[in-house]
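Here are some notes to read alongside the model. Take them in order, with the structure open next to you.

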Amino acid sequence: RDGFIELHEDPYKFQKFIICGYMSKKGKDYNDGGVYFIDQKGSEINAEDSIDVGDGGIGFATVQHGVAPVNKNKELNWNDINDGRWFLGLYSIHSDEVKDRHTLTPVKKN
């Protein structure tokens, strides 16, 4: 429920694409938040409104994106496996143990 990722770009050196699978549906499993992208005008585009269970996604990792927390004002029900947002992300990044590793680049919103 509290999972989020700040607005960022992924490092092109090791991650050319965002590849993911969606296992939950906005409006059914959670009510707000989720993945968003920033368009060329700087506007936030919420992708979750167009995603259904079983959909896959692929895009350039250098596109500015983030994940807003879902169900911020709802008490989490740990006994309900369908409560919340389920997401599968396939990534190739450097370990925290690598000195001067390549990692995401936070982006300031205008």
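1. A word on contacts to begin with: contact means heavy atoms within 4.5 Å. On that basis, residues 24 or more positions apart account for 79% of the chain's contacts with a separation of 6 or more.

2. Some ground rules. This is a predicted model, where local features need pLDDT of at least 70 and side-chain atom pairs count only at pLDDT 80 or more, while totals for chains, interfaces and linings use all residues. Residues are numbered from 1 along each chain as its sequence is written, and side-chain values use heavy atoms, with hydrogens and water left out.

3. What does the chain have by way of helices and strands? It has zero helices and eight strands, so the pattern along the sequence reads β-β-β-β-β-β-β-β (both are DSSP runs numbered from the N terminus: helices are H or I with at least four residues, strands are E with at least two).

4. On burial: 28% of the chain's 110 residues are buried. Buried means under 20% relative accessible area, exposed over 50%, and partly exposed in between, using a 1.4 Å probe and protein chains only. The accessible surface of the chain is about 7,800 Å², and carbon and sulfur atoms hold 52% of it (Shrake-Rupley method, 1.4 Å probe; for residues, only the protein chains shown count as cover).

5. Now the largest nonpolar core, which consists of eight residues: I18, C20, Y22, V35, A47, I51, A61 and V67. Its largest share, three residues, comes from β2. A nonpolar core here is a set of buried Ala, Val, Leu, Ile, Met, Phe, Trp, Tyr and Cys residues joined through side-chain atoms within 4.5 Å. Setting aside neighbours within four places in sequence, C20 is in contact with D55, G56, G57, F87, L88 and G89.

6. Have a look at S24, in the loop between β2 (17–22) and β3 (34–38). Is S24 buried or exposed? S24 counts as buried because its relative accessible area is 2%, under the 20% cut-off. Its side chain reaches the backbone nitrogen of W86 at 2.8 Å. Beyond neighbours within four places in sequence, S24 is in contact with D29, Y30, D52, V53, G84, R85 and W86.

7. R85 is worth following from there. It sits in the loop between β6 (65–68) and β7 (87–90), and its C-alpha is 5.6 Å from that of S24, though the two are 61 residues apart along the chain. The side chain of R85 makes a polar contact with the side chain of E48 at 2.8 Å (a pair of N or O atoms within 3.5 Å; within protein, one must be able to donate a hydrogen and the other to accept it, and residues adjacent in sequence count only if both atoms are side-chain atoms). Contacts of R85 outside its neighbours within four places also include Y22, V35 and V67.

8. Last stop, K108, in the segment after β8 (105–106). K108 counts as exposed because its relative accessibility is 76%, over the 50% cut-off. K108 and H8 are 100 residues apart in sequence, and their C-alpha atoms are 8.4 Å apart in space.
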